[in-house]
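Good morning, and thank you for coming. I would like to take you through a few features of the structure that is now coming up on the screen.

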Amino acid sequence: MEANPRQFHLLEERCQHAGLKITDLRRVLLHGILKAGQGATAVGIWKTMAVMVDGHPPSQGSIQRNLNLLVEHDVLRRDVGADRIWRYRISTERRAGPTITFVEAGTGRKIPCDAGAITTVLSQFMAERGMALQEASIIVAPMAEPSGL
């Protein structure tokens, strides 16, 4: 592969630290990401990988699933420009995790959410749609009294 060995090693360590298993596909994908450069599209990464593996790259679906995982685990960032095309770059800053806040509809009082289960469900929901949860606000209101009881 032609990626910088030091950069590749750091990226591989970051994946392992994030809890991602380094499969053969992910190893080739990491090389492709590094070689394609910051701001590459999924198709650009796929084309770079095609050259690297003599015209037999993994499927675009497999690449996109793995790109989604890398975004979800904060190894990559996905930016969307005015052209509505996703571009990937290696994440440089570490986040502690998504911030979720409940906002009371009547008072505007903000209640931080530290429930891991809610964060997990929202993160999975967003990852299925190709996005990464960074911050969310949920508006809550008191439940209406059941009538007729």
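**Two aspartates, a helix and a helix pair**

Let me begin with Asp 54, which counts as exposed because its relative accessibility is 67%, and a residue must be over 50% to be placed in that class. Please bear in mind throughout that we are looking at a predicted model. Asp 54 is found in the loop between H3 and helix H4, the latter covering residues 60–72. The backbone deserves a remark here: phi of Asp 54 is near 55°, a positive value in a residue other than glycine.

There is a second aspartate to set beside it. Asp 74 also has a positive phi, near 60°, and again the residue is not glycine. Where does Asp 74 lie? Its place is the loop between H4 and strand E1, residues 76–80, and the positive phi comes just after H4. Is Asp 74 buried or exposed? Asp 74 is buried, since its relative accessible area is 6% and the cut-off for buried is under 20%.

That brings me to the helix itself. H4 has 13 residues, and at 1.5 Å a residue these should span 18 Å; the end C-alpha atoms are 18 Å apart, so the model agrees with the expectation. The reckoning takes 1.5 Å times one less than the number of residues. Which residues of H4 are buried? They are Ser 62, Ile 63, Asn 66, Leu 67, Asn 68, Leu 70 and Val 71.

I would single out Asn 66 from this group in H4. With a relative accessible area of 8%, Asn 66 is buried. Setting aside neighbours within four places in sequence, Asn 66 is in contact with Leu 25, Arg 26 and Leu 29.

Finally, I turn to a pair of helices. Helix H2, residues 24–36, packs against helix H3, residues 42–52, at an angle of about 110°, and their axes are 9 Å apart. H2 is therefore roughly perpendicular to H3, as angles from 65 to 115 degrees are counted that way. The crossing of the two, H2 and H3, is right-handed.

Which residues form this contact? From H2 come Val 28, Leu 29, His 31, Gly 32, Ile 33, Lys 35 and Ala 36, and they meet Gly 44, Ile 45, Thr 48, Met 49 and Met 52 of H3. Sorted by class, the contact of H2 with H3 holds seven nonpolar residues, four polar and one charged.

Thank you for your attention.

Notes. Residues are numbered from 1 along each chain as its sequence is written. This is a predicted model: local features need pLDDT of at least 70, side-chain atom pairs count only at pLDDT 80 or more; totals for chains, interfaces and linings use all residues. Side-chain values use heavy atoms; hydrogens and water are left out. Axes are lines fitted to C-alpha atoms, for helices over the stretch in contact, and angles run from 0 to 180 degrees between N-to-C directions. Helices (H or I, at least four residues) and strands (E, at least two) are DSSP runs, numbered from the N terminus. Angles under 35 degrees count as roughly parallel, over 145 as roughly antiparallel, 65 to 115 as roughly perpendicular and the rest as oblique. A crossing is left-handed if the near helix is turned anticlockwise from the far one by less than a right angle, and right-handed if clockwise. Contact means heavy atoms within 4.5 Å. Ala, Val, Leu, Ile, Met, Phe, Trp, Tyr, Cys and Pro count as nonpolar, Asp, Glu, Lys and Arg as charged, and the others, Gly among them, as polar. Buried means under 20% relative accessible area, exposed over 50%, partly exposed in between (1.4 Å probe, protein chains only).
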